[in-house]
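Q: Please take a close look at one part of this structure, the ligand site. What surrounds the ligand, and what touches it?

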Amino acid sequence: MNIKLKCVSCGKEYDAFKIRYKCECDGTLDVIHDIEALRKLNLKKVFDERWGTREKPYDSGVWRYKELIFPVENEYIVSKPEGNTNLYDAGRAGRYAGLEHFLLKHEGENPTCSFKDRGMTCGITAARKMGAKLVACASTGNTSASMAAYAASAGMVGVIFIPEGKIAFGKLTQALAYGGKTLQINGDFDDAMDLVQEVCNTLNIYLLNSINPFRIEGQKAIVFEILQQLDWEVPDWFILPGGNLGNNTALSKGLMELLELGIIDKIPRIAVIQASGANPLYKMWKNKAPYERVRNAETIATAIKIGNPVSWEKSMRGISWSGGYVEQVTDQEIMDAKAWVDGAGIGAEPASCATVAGAKKLVEAGVMDPGEKVVGILTGHLLKDPDATVNYHKSNLTDRDIVSNFANAPIQIEPTLDAVREHISSLIQ
Ligand SMILES: *Cc1c(COP(=O)(O)O)cnc(C)c1O
Ligand SMILES: [Zn+2]
């Protein structure tokens, strides 16, 4: 099966098995599949036959779709296996957003508790195929957690560049525990991203940020798996947070390919939600303006605290193609929505909850109809950022001007039956 790399800006093509992250013209690269050859394979049937299999690597929710993701020899594949995550009814979080048919795909249920594992299994497999021994990434946290784990599985060394003091505790814990060589740099994510590209290009280290086109291929599996869970019935909308913009790029690319293959026959709309303090895509889309980076990006949702996203061009392509929408939400809106996602018994980290905050906003603005079928993507696990959650419930986010509207604070009591009765009497019939 033939794949190649193609520049998004100028169309120049490259060998997919020679290491390259960008075109000579500085444009980002897509993996291009041989759609004509794939059409002959009746892939929908192949994917459905693999559903629930124990056979490796097809037990993975990424490698189940191998032909349409990365047709590589199975011996190179590094899989944990990832994916096979739940698609929940949003419950009270759906009522909060004002939607009647709202499903939440929980990508926090991956092996390292974020969707990054889907791209990483593919990226590490590419690293192995290309003979790399050292891999690196800049990260707001989840990419480093994922890369460290996959590098450990593959027997490689992972070098991680993180912005000093700006990553959530759960994520730093994972990076250190899995043995990632963690370099804290004196700067923000965008500085770390600039540095890691320079390092990889000069020191012969394989770069595993989502600028790596194989990462995007793996992440397409989220939409493949959702559609398969829905028996290939396409919803009206997909909604997800946008940081470096790889995830929504993967979503639209996967949909374009399914449409070309005739596996789906309808294009859903894609809504990307940014934090209002890290909103370069929103500004560009809203003002129909040229791309411009945002300096000193700031939000409590550290996973999307990115001012200079590498995939803005590919992202915009997919949003336009789908007749989609870009919205921004404040930290207040993110944390209030999170209280509802968590309170529904589902739970997710702050960036993920931009999805629900954004849905609520789009329903209120009349962009989304309350009766439309909407699938939101929860990108990371609740326990990734325990500080944000506990501080919200203890009303400790006033320094960020966040009011804890839906706080569930712990109550201190004396160890007596009377004290208990006093505090729970309203719960007892
Ligand atoms: C990486 C990440 C995002 C942002 O995804 P992009 O592909 O960078 O747009 C959102 N939420 C979580 C939890 C993440 O880890
Ligand atoms: Zn080019």
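A: The site comes first, then a short word on cysteines. This is a predicted model, in which local features need pLDDT of at least 70, side-chain atom pairs count only at pLDDT 80 or more, and totals for chains, interfaces and linings use all residues. Residues are numbered from 1 along each chain as its sequence is written, ligands are numbered from 1 in the order in which they are written, and side-chain values use heavy atoms, leaving out hydrogens and water.

Start with the shell. Ligand 1 has 16 residues around it (a heavy atom within 4 Å). Lys116, Asn142, Asn244, Asn247 and Thr379 are the closest. By class, the shell holds six nonpolar, eight polar and two charged residues. Here Asp, Glu, Lys and Arg count as charged, and Gly is among the polar ones.

Now the polar contacts (N or O pairs within 3.5 Å). The side chain of Asn142 places an N or O atom 2.7 Å from an oxygen atom of ligand 1. Gly246 uses a backbone N or O atom, 3.1 Å from a ligand oxygen. On the side chain of Thr379, an N or O atom is 2.7 Å from a nitrogen atom of ligand 1. Alone, ligand 1 exposes 380 Å², and the protein buries 97% of that (Shrake-Rupley method, 1.4 Å probe).

The space that ligand 1 takes is the largest cavity. A cavity is a set of points on a 1 Å grid over the protein atoms alone, where a 1.4 Å probe fits but cannot get out.

Last, the cysteines. The disulfide count is zero (sulfur pairs within 2.5 Å). Cys7 is buried, because its relative accessibility is 4% (the cut-off is under 20%). Cys25, at 40%, counts as partly exposed, between that cut-off and the one for exposed, over 50% (1.4 Å probe, protein chains only).

Conventions: A polar contact is a pair of N or O atoms within 3.5 Å; within protein, one must be able to donate a hydrogen and the other to accept it, and residues adjacent in sequence count only if both atoms are side-chain atoms. On a 1 Å grid over the protein atoms alone, a cavity is a set of points where a 1.4 Å probe fits but cannot get out, and a pocket is an open set with protein on both sides within 12 Å along at least five of seven lines; lining residues have an atom within 4 Å of a point. A molecule sits in a cavity or pocket if more than half of its atoms lie within 2 Å of its grid points.
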